[in-house]
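Reader: I have a structure here that I would like to go through with you. Could you take me through the strands and then the overall form?

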Amino acid sequence: MCTRCFTQEHRSFPTWQAFEQFDLALTQKIQLSGGLHYSGQKQLARLPICTSYTCAACGTEWWLSEPDSAWRGFFLPKGQAKAHLTKLRGLDNVRGWVGLALLAGLLLGALWLLRNLINP
Ligand SMILES: [Zn+2]
């Protein structure tokens, strides 16, 4: 991290306007000689695709995930971006298991109700 790239991370973009302001700053840093340059698309497993930018001055590789609908995106150095994505994937897994448990509970409740209706 340096003044040629960014000294502040964005763990998410709370509003579209916040992202637009950031995007403008990013474009200026890319146009700056010796600043950021595009370094490819990156993806971990089936998580959102990130655009990678590397700083010519300090060598930091930044990953940008643009906001999309409910997804708030982020702009973080590579290591933190990977950790952030992994953590989010973990939360998604927990949500999936909670959903499955609720579904199983509803199914058991329906079976119990059916059994009591047939054999009161
Ligand atoms: Zn830099």
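Author: Let us begin with strand β3, residues 61–65, which is joined to β4 by four bridges, the two strands running antiparallel. Strands here are DSSP runs of E with at least two residues, helices are runs of H or I with at least four, and both are numbered from the N terminus. This is a predicted model, in which local features need pLDDT of at least 70, side-chain atom pairs count only at pLDDT 80 or more, and totals for chains, interfaces and linings use all residues. Residues are numbered from 1 along each chain as its sequence is written.

Reader: Which residue in β4 does Trp-62 stand opposite?

Author: Trp-62 stands opposite Pro-77.

Reader: What is the strand order in the sheet?

Author: The order is β1-β2-β3-β4 in an open sheet of four strands, with antiparallel pairing. Two strands pair if DSSP finds at least two bridges between them. At the edges are β1 (36–42) and β4 (74–77), each of which pairs on one side only.

Reader: Turning to the interior, which residues touch the most other members of the largest nonpolar core?

Author: They are Cys-5, Trp-62, Trp-63, Leu-76 and Ala-81, out of 13 residues in that core. A nonpolar core is a set of buried Ala, Val, Leu, Ile, Met, Phe, Trp, Tyr and Cys residues joined through C-beta atoms within 7 Å. A residue is buried if 20 or more other C-beta atoms lie within 10 Å of its own, exposed if 12 or fewer, and partly exposed in between, with C-beta atoms placed from the backbone. Two or more core residues come from each of β2 (50–55), β3, β4 and α2 (78–118).

Reader: And what is Ala-81 in contact with?

Author: Setting aside neighbours within four places in sequence, Ala-81 is in contact with Cys-50, Trp-63, Phe-74 and Leu-76. Contact requires C-beta atoms, placed from the backbone, within 7 Å.

Reader: What pattern does the whole chain follow?

Author: Along the sequence the pattern is α-β-β-β-β-α. The radius of gyration is 22 Å, well over the 14 Å from the globule rule for 120 residues, so the chain is more spread out than a compact globule. That radius is taken over C-alpha atoms, and the rule is 2.2 Å times the number of residues to the power 0.38. The C-alpha trace spans about 80 × 25 × 20 Å along its principal axes.

Reader: Is Gly-105 buried or exposed?

Author: Gly-105, found in helix α2, is exposed, because 10 other C-beta atoms lie within 10 Å.

Conventions
Contact = placed C-beta atoms within 7 Å.
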